[in-house]
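Please open the model in your viewer and keep the sequence panel beside it, so that each selection can be followed in both places. The tour goes from one selection to the next and describes what is found at each stop.

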Amino acid sequence: MSGDDRLRFRKARVTVKDLARDLSLSTSTISRAFYGDAVIAASTRKAVLMRAAEIGYAPNPLARSLITKRTRIAGVVTCDITNPFYPEVLTRLTERLREIDLNVMLTAAGSSDSLDDAVKLLLSYQPDVVIVLAATLSSEAAEACGQAGTPALFFNRRPLNVEAFGVTCDNVGGGRLVADHLIKLGHRRLAFVAGLPDASTNVDRWEGFRRGCLDHGLDEPLCVEAGAFAYESGYDSASRLLKEHSRPDGVFCANDILAIGFMDAARREFGLDIPGDLSVVGFDDIAMARWPSHALTTVRQPVAKMIDVTMQMIEMLFESAQLKPRIERFPGELIERASTREARHDT
């Protein structure tokens, strides 16, 4: 099919001038009809919206942004969309953002360098807010947001070196919950499987778990670096932990997908029974953790509450530029399933 043939099949875009001409109204009247708080007769607004639907007209968001100074874009920056926790969060967060007429522009990056580039690209679209999801912004990227006048808000992360707005689970408290649970069950040889070393979630969960063990009079838990919050990393870390060290009787993995990989390796490569030979705990409570094949004991993040407060913060940031940065933390909940049980000690 030639270019001319394709053009014949392409429907001409309906413009605001077409709609105004069709209804014998001014373009400004047409434009006001699409703003809920604009002054316009109810009958006129109804007529405009009905006719717009009939002929397929929709306001041009870029043109609207020139008038309102708002793009209605919420930029989301992430480095870890493969972790099942974040697609679950992103689905729910997107629904809530749409309720306040914000459209999501997702930017994914794999390294700190590409993350800075991704943020700069995102800022070229002048988003009304940037939400940092499963990523740690460099000081350069954070400064770029500030210079652009675009508020940045962290979800389930806290920047390690700068003040910022953010909403997160109490990861230190969650790590302590895991220590208390395993020790209550009689486990004494404990280990931690770490994810990304520079992720605040990883740092805080380890710190809470470590403190909890020390406060109960135990030695500091063995820590094995998986290097990522991924199934394969959990699988590989199990092989290293169980081959190179005396076997622990309780293991806390920095998130659920790590724990699921760890459990599969413990069963398949070493023939261990979970929880008979080894108790395993994760963090997040992703959907897979509830599958009968995993039945993973975990710390459930209060995602609904975290999203509620994120939306409140966004609304406040839109209303005032004078807010002081703060990180809101909310406690997680230990969910006990079949991957943990009372320790059996030989006498």
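What follows is a walk through a predicted model, taking in its strands, its nonpolar cores and two pairs of packed helices.

**Strand 4 and its neighbours**

Begin by selecting strand 4, residues 152-155, and showing its side chains: Ala152 and Phe154 point one way, Leu153 and Phe155 point the other way, and all of them are buried. In a regular strand, side chains alternate between the two faces of the sheet.

Next add strand 3, residues 129-133, which pairs with strand 4 in the parallel sense over 4 bridges, and then strand 5, residues 165-169, which pairs with strand 4 in the parallel sense over 3 bridges. Phe155 is a useful residue to centre on here, as it is the bridge partner of Leu133 and also stands opposite Val167 in strand 5.

**The nonpolar cores**

Now select Leu97, Phe209, Val251, Cys253, Phe262, Val280 and Ile314, which are the residues with the most contacts inside the largest nonpolar core, a set of 69 residues. Helix 13, residues 303-319, gives the most to this core, with 8 residues. A second, separate core has 17 residues, and Val77, Leu122, Leu123 and Val130 are among them. In soluble globular proteins, nonpolar side chains tend to be buried together.

**Phe209, and helices 9 and 10**

Return to Phe209 and display its surroundings: leaving aside residues up to four places away in sequence, Phe209 touches residues including Gly175, Arg176, Leu190, Phe192, Pro221 and Phe252.

Then select helix 9, residues 171-184, together with helix 10, residues 200-215; the two pack at an angle of about 40°, with their axes 7 Å apart. Helix 9 and helix 10 are therefore oblique to each other, and their crossing is right-handed. Among the residues that make the contact are Val172, Val178, Ala179 and Leu182 of helix 9 and Thr201, Asp204, Gly208 and Phe209 of helix 10.

**Helices 2 and 4**

For the last stop, select helix 2, residues 16-23, and helix 4, residues 42-55, which pack at an angle of about 120° with their axes 11 Å apart. Helix 2 and helix 4 are therefore oblique to each other, and helix 2 passes helix 4 in a right-handed crossing. Which residues of helix 2 meet helix 4? They are Leu19, Asp22 and Leu23, and on the side of helix 4 the residues met are Ala47, Val48, Arg51, Ala52 and Ile55.

Methods. Residues are numbered from 1 along each chain as its sequence is written. This is a predicted model: local features need pLDDT of at least 70, side-chain atom pairs count only at pLDDT 80 or more; totals for chains, interfaces and linings use all residues. Side-chain values use heavy atoms; hydrogens and water are left out. A nonpolar core is a set of buried Ala, Val, Leu, Ile, Met, Phe, Trp, Tyr and Cys residues joined through side-chain atoms within 4.5 Å. Buried means under 20% relative accessible area, exposed over 50%, partly exposed in between (1.4 Å probe, protein chains only). Contact means heavy atoms within 4.5 Å. Two strands pair if DSSP finds at least two bridges between them. Axes are lines fitted to C-alpha atoms, for helices over the stretch in contact, and angles run from 0 to 180 degrees between N-to-C directions. Angles under 35 degrees count as roughly parallel, over 145 as roughly antiparallel, 65 to 115 as roughly perpendicular and the rest as oblique. A crossing is left-handed if the near helix is turned anticlockwise from the far one by less than a right angle, and right-handed if clockwise.
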